[in-house]
Every structure is written in C-alpha cells, then in structure tokens.
Amino acid sequence: MGKATMNPLIDPRGEQGRPHLELAPRVDMETLRNGPVLIYDNTKFGFVNYMEVVHRIKHNLAVDGVTNVVEYRETVR
C-alpha cells in the first residue's frame, strides 16, 4: 500500500481567500508619553498573577516617562 498525502484541512466551503491584515503603525515614545495609554481588562487579570504583569508594564512605562495610563475593566458578557 502506498502512502497517500491528504490536505490537512478540508473545508466544505471550498478554498477561502484571506486578506492580509496589516498591523497598526507604531507610535513614537513622545506620542506614548502624551498618552493616554489604555490597559483593557476583560476581568481575566484577576486570575493567577496576571495583575502583577499589568503592574510591571505600568512601572516600565513610568520609567520611560509614560504616566497617562488609563485602566478600563469590563466583563465579556
């Protein structure tokens, strides 16, 4: 019996063309310093020690002069 190769993904809709999405352009540090910088919490920062990561990010931003940080929390429901 010979080896048959199969497509790893079979989609009943047929082949789908996907557009190439571009990332948003990066801003410079002066723009970040003028802020605001948004930290969005969908209530998942409360698990394990994820909030510590947010504190470290805010600390490192403050070291670079970014002080206008806005924290927003909203449930996913």
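Tutor: Before we start, a helix here is a DSSP run of H or I with at least four residues, a strand is a run of E with at least two, and both are numbered from the N terminus. Keep in mind that we're looking at a predicted model.

Student: Fair enough. In what order do the elements of the protein chain run from the N terminus on?

Tutor: There are 2 helices and 2 strands to place. Walk along from the N terminus and the order reads α-β-α-β.

Student: Where is valine 66 found?

Tutor: Look at the stretches on either side: helix 2 covers 50-63 and strand 2 covers 69-73. Valine 66 belongs to neither, so by the DSSP runs its place is the loop between helix 2 and strand 2.

Student: Is valine 66 buried or exposed?

Tutor: The cut-off for buried is under 20% relative accessible area. Valine 66 comes in at 1%, so it counts as buried.

Student: Which residues is valine 66 in contact with, leaving aside its neighbours within four places in sequence?

Tutor: One of them is a long way off along the chain: arginine 33 is 33 residues away in sequence, yet the C-alpha atoms are 4.3 Å apart. With those neighbours left aside, the contacts of valine 66 are Met29, Leu32, Arg33, Val37 and Leu61.

Student: How much of the protein chain is buried, then?

Tutor: Valine 66 counts as buried, but don't read the whole chain from it. Of the 77 residues, the buried share is 8%.

Student: What about phenylalanine 47, buried or exposed?

Tutor: Phenylalanine 47 sits in the loop between strand 1 (37-41) and helix 2, and it joins Val48, Tyr50, Val53 and Ile57 in a nonpolar surface patch with about 540 Å² of accessible area together. Over 50% relative accessible area is what it takes to be exposed. Phenylalanine 47 has 52%, so it counts as exposed.

Student: The count comes to 1 aromatic pair. Why is the pair of tyrosine 40 and tyrosine 72 classed the way it is?

Tutor: Ring centres have to lie within 6.5 Å to pair, and planes under 30 degrees apart count as stacked. The centres of tyrosine 40 and tyrosine 72 are 5.8 Å apart and their planes are at 25 degrees, so the pair is stacked.

Student: Which parts does that pair tie together?

Tutor: Both rings are partly exposed, tyrosine 40 at 42% relative accessibility and tyrosine 72 at 41%. The parts are 32 residues apart in sequence, because tyrosine 40 lies in one strand and tyrosine 72 in the other: strand 1 and strand 2.

Notes. Residues numbered from 1 in each chain as written. Predicted model: local features only at pLDDT ≥ 70, side-chain atom pairs only at ≥ 80, totals over all residues. Heavy atoms only, no water. Buried < 20%, exposed > 50% of the residue type's maximum accessible area, 1.4 Å probe, protein only. Contact = heavy atoms within 4.5 Å. Patch = residues over 30% accessible without salt bridge, like charges linked within 9 Å, V, L, I, M, F, W, Y side chains within 5 Å. Areas by Shrake-Rupley, 256 points an atom, 1.4 Å probe, with all protein chains shown as cover. Salt bridge = Lys/Arg side-chain N within 4 Å of Asp/Glu carboxyl O. Phe/Tyr/Trp six-rings, centres within 6.5 Å; stacked < 30°, edge-to-face > 60°.
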